[in-house]
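The following exercises ask the reader to describe a structure step by step. Each task is followed by a worked solution.

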Amino acid sequence: MIAAARTILRKDLLIELRTKESVPAMVLFSITVYVLFHFGLDRDSLDGELASGVLWVTLLLAAVIGVSRLFAAESAQGGIDGLLLAPVDRTALFLAKAAALFVFLTAVELLAVPAFGLLLLGPGLGGAFPELLAVLLLGNLGMAAVGALVAALAAETRAHELIVPLLLLPLLVPLLISCAQATEPLFREPAATEDLGRWLLLLTLYDVVFVLLSVAVFDFLLED
Amino acid sequence: MPALPLDEAGKYVAGAYVVFVALILIYVAIIAAKIARIDRQISELVSEDDE
Amino acid sequence: MYSKGLAPLAAATVVTLTTAFALVFFYAPNDADQGFVQKIFYVHVPMAIVALGGFVAGGVFAIKHLRSGDSSWDMRSYVAIHQSIILGLGVLVTGAIWAKASWGHWWVWDEPVLVSFLVVFLLYCVYYPLRFSIEDRERQARYSSVFAITAGAFVPLNFVAVRMAESFTHPRVLSQTGGDLPGDMRLTFLVALLGMALLFVTLWKLELTAKHASMQLKKLRNRARVAA
């Protein structure tokens with residue numbers, strides 16, 4: 001099963017490397033949103049909770065794009081039937097898709113977070129970098145698990161570009177709360193790490209619950 | 001904010017309880033309409049059968 | 001099959017709710033801080049608790065549906081969620097009325113129950129478009145069950161997260177649930193909660209009966225049409 005997951009993951013990563021359809025769009029989108037926030041909030045530099053909020057809302061919205069496109073390759077060319085006819089465990093499919101989404105989100109953040117530091121963040125990213133990294137990675141894990149589940153749920157519906165954001169964003173609220181609250185002191189001048197443990201704990205709980213739930217439930221999706 | 005005087009407060013409390021009761025009544029009315037439809041369709045079936 | 005015990009249940013509901021209302025207005029004392037306005041609490045909070053219970057029950061029925069493949073579990077799940085959404089709307093409206101009466105604003109972010117309810121409500125509203133945009137009946141039921149389980153697991157997590165966030169920025173001012181209530185208020189609250197729960201179960205059985213009858217009728221008509 002792991003081998004099957006790895007194969008599907010490699011296929012998705014290769015497709016993305018060749019077509020470059022999702023990740024660049026997500027990066028571009030993120031930077032555009034930063035510009036929107038600059039004009040909308042009429043601020044040159046943000047710190048603390050405002051910075052944290054802007055960053056995480058932007059990442060969440062970019063994730064919506066990534067999730068919408070997660071099964072795009074399959075549904076466009078009918079490849080999903082091929083995947084389903086092959087004797088592949090649905091769990092393998094979930095692991096592959098979630099891993100792909102995790103990789104995409106991390107790749108996007110490699111560019112979007114420094115861009116944020118450049119454009120809008122007052123105190124700069126260096127203040128508490130390892131902590132920021134931890135929050136980003138745990139956040140990506142949650143977004144990947146929930147995102148893959150939502151992508152599959154919406155894959156067979158007619159209005160799937162509408163359903164994905166409407167389903168994904170409320171489900172991500174606890175993740176948003178944990179990540180934004182954890183990041184807020186990291187973006188202060190000088191950076192602090194108060195309450196970080198508490199929010200990372202909630203974030204980990206969220207990740208565990210949704211990874212386990214998605215694995216348990218994925219078998220019932222995308223059948224026949 | 002200090003507590004509202006009784007006459008003003010009464011309106012809000014009444015409003016909340018009215019919302020609650022209204023929800024129940026609307027819901028029951030919808031189910032009643034559904035049952036009426038079922039009843040009508042049963043009568044049609046019975047009359048078709050009699051023919 | 002769903003209407004078993006419906007009449008006594010309905011009777012129990014009427015009795016309990018009437019008792020609850022009587023207790024609210026003739027027995028429970030006025031709150032020291034909020035005055036008469038606090039009476040909204042006896043309808044707002046039980047609605048919230050029962051709605052949350054309904055969402056979780058919807059998730060449990062969905063699990064049973066997926067494990068057994070029996071579509072009657074899906075129907076139970078659908079009705080529970082459907083009714084909880086309506087109750088949830090009531091929670092938001094009564095909560096807004098309470099906020100206006102207590103704070104002067106139609107919405108407050110300080111109230112974790114109200115805020116987490118908004119998120120839950122927004123999520124569950126997607127249940128309908130998701131469900132009804134899938135045409136195949138069996139797939140529709142399966143996907144709805146997956147949603148119901150995911151959303152049901154989400155509800156407690158969301159409540160915890162929102163509560164943690166609010167407690168750091170705003171101390172809890174408005175709500176009083178369970179623990180620190182004086183005896184006569186607590187009794188009134190518990191009776192109101194029981195009445196609300198009974199109401200939910202009664203209406204749930206009622207709608208299930210109607211739906212089931214409608215389905216049986218459809219089968220009969222098809223049979224009659226074929227025979228003719």
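**Exercise 1. Two loop residues**

Does A:K20 count as buried or exposed, and why? Carry out the same analysis for A:D42.

*Solution.* The model is a predicted one.

Step 1. Count the neighbours. A:K20 has 10 C-beta neighbours inside 10 Å. A residue counts as exposed if 12 or fewer other C-beta atoms lie within 10 Å of its own. A:K20 is therefore exposed.

Step 2. Locate the residue. A:K20 belongs to the loop that links helix 1 (2-19) and helix 2 (23-41) of chain A.

Step 3. Examine the backbone. The phi angle of A:K20 is positive, at about 50°, although the residue is not a glycine.

Step 4. Repeat for A:D42. Only the C-beta count decides the class: A:D42 has 7 other C-beta atoms within 10 Å, so A:D42 is exposed. A:D42 sits in the loop between helix 2 and helix 3 (48-68) of chain A. Its phi is near 55°, a positive value in a residue other than glycine.

**Exercise 2. A residue in helix 2**

Is A:Y34 buried or exposed, and which residues does A:Y34 touch beyond four places in sequence?

*Solution.* Step 1. Locate A:Y34: this residue lies in helix 2 of chain A.

Step 2. Apply the cut-off. A residue is buried if 20 or more other C-beta atoms lie within 10 Å of its own. A:Y34 has 20 such atoms and is therefore buried.

Step 3. List the contacts. Not counting residues up to four places away in sequence, A:Y34 touches A:T58, A:A115, A:F116, A:L119 and A:L120.

Step 4. Relate sequence to space. A:Y34 and A:A144 are separated by 110 residues in sequence and by 23 Å in space, C-alpha to C-alpha.

**Exercise 3. The fold of chain A**

How many helices and strands are there in chain A, and does its radius of gyration agree or disagree with that of a compact globule?

*Solution.* Step 1. Count the elements: chain A has 10 helices and zero strands. Its pattern along the sequence is α-α-α-α-α-α-α-α-α-α.

Step 2. Consider the dimensions. The C-alpha trace of chain A spans about 55 × 35 × 30 Å along its principal axes. A compact globule of 224 residues would have a radius of gyration near 17 Å, and the 18 Å of chain A agrees with this.

Step 3. Consider burial and contacts. Of the 224 residues in chain A, 46% are buried. Among contacts in chain A between residues at least 6 apart in sequence, 84% join residues at least 24 apart.

**Exercise 4. Helix packing and the core**

At what angle do the axes of helix 7 and helix 8 of chain A cross? Which helix gives the most to the largest nonpolar core?

*Solution.* Step 1. Choose the descriptors. Two packed helices are described by the angle between their axes and the distance between the axes.

Step 2. Apply them. The axes of helix 7 (residues 129-155) and helix 8 (residues 160-171) of chain A come within 9 Å and cross at roughly 145°. The crossing of these helices is right-handed.

Step 3. Identify the residues. Helix 7 contributes residues including A:V146, A:V150 and A:L153, while helix 8 contributes residues including A:I163, A:L167 and A:L168. By class, this contact has 11 nonpolar, two polar and no charged residues.

Step 4. Turn to the core. The largest nonpolar core has 154 residues, of which A:L101, A:A148, A:V150, A:L153, A:L168 and A:L172 touch the most other members. Helix 7 of chain A gives the most to this core, with 16 residues.

Step 5. Follow one member. Leaving aside neighbours within four places in sequence, A:A148 is in contact with A:L70, A:F94, A:K97, A:A98, A:L101 and A:S214.

**Exercise 5. The chains together**

Which chains share the most contacts?

*Solution.* Step 1. Compare the pairs. Of the two pairs of chains in contact, chains B and C share the most contacts. Chain A and chain B do not touch, and their nearest C-alpha atoms are 26 Å apart.

Step 2. Describe the contact of chain A with chain C. Here 23 residues of chain A are in contact with 24 residues of chain C. The side of chain A has 18 nonpolar, three polar and two charged residues.

Step 3. Describe chain B. Chain B has one helix and zero strands, and 10% of its 51 residues count as buried.

Note on methods. Residues are numbered from 1 along each chain as its sequence is written. Chains are lettered from A and ligands numbered from 1 in the order in which they are written. This is a predicted model: local features need pLDDT of at least 70, side-chain atom pairs count only at pLDDT 80 or more; totals for chains, interfaces and linings use all residues. Axes are lines fitted to C-alpha atoms, for helices over the stretch in contact, and angles run from 0 to 180 degrees between N-to-C directions. Helices (H or I, at least four residues) and strands (E, at least two) are DSSP runs, numbered from the N terminus. A crossing is left-handed if the near helix is turned anticlockwise from the far one by less than a right angle, and right-handed if clockwise. Two residues are in contact if their C-beta atoms, placed from the backbone, lie within 7 Å. Ala, Val, Leu, Ile, Met, Phe, Trp, Tyr, Cys and Pro count as nonpolar, Asp, Glu, Lys and Arg as charged, and the others, Gly among them, as polar. A nonpolar core is a set of buried Ala, Val, Leu, Ile, Met, Phe, Trp, Tyr and Cys residues joined through C-beta atoms within 7 Å. The radius of gyration is taken over C-alpha atoms; the globule rule is 2.2 Å times the number of residues to the power 0.38.
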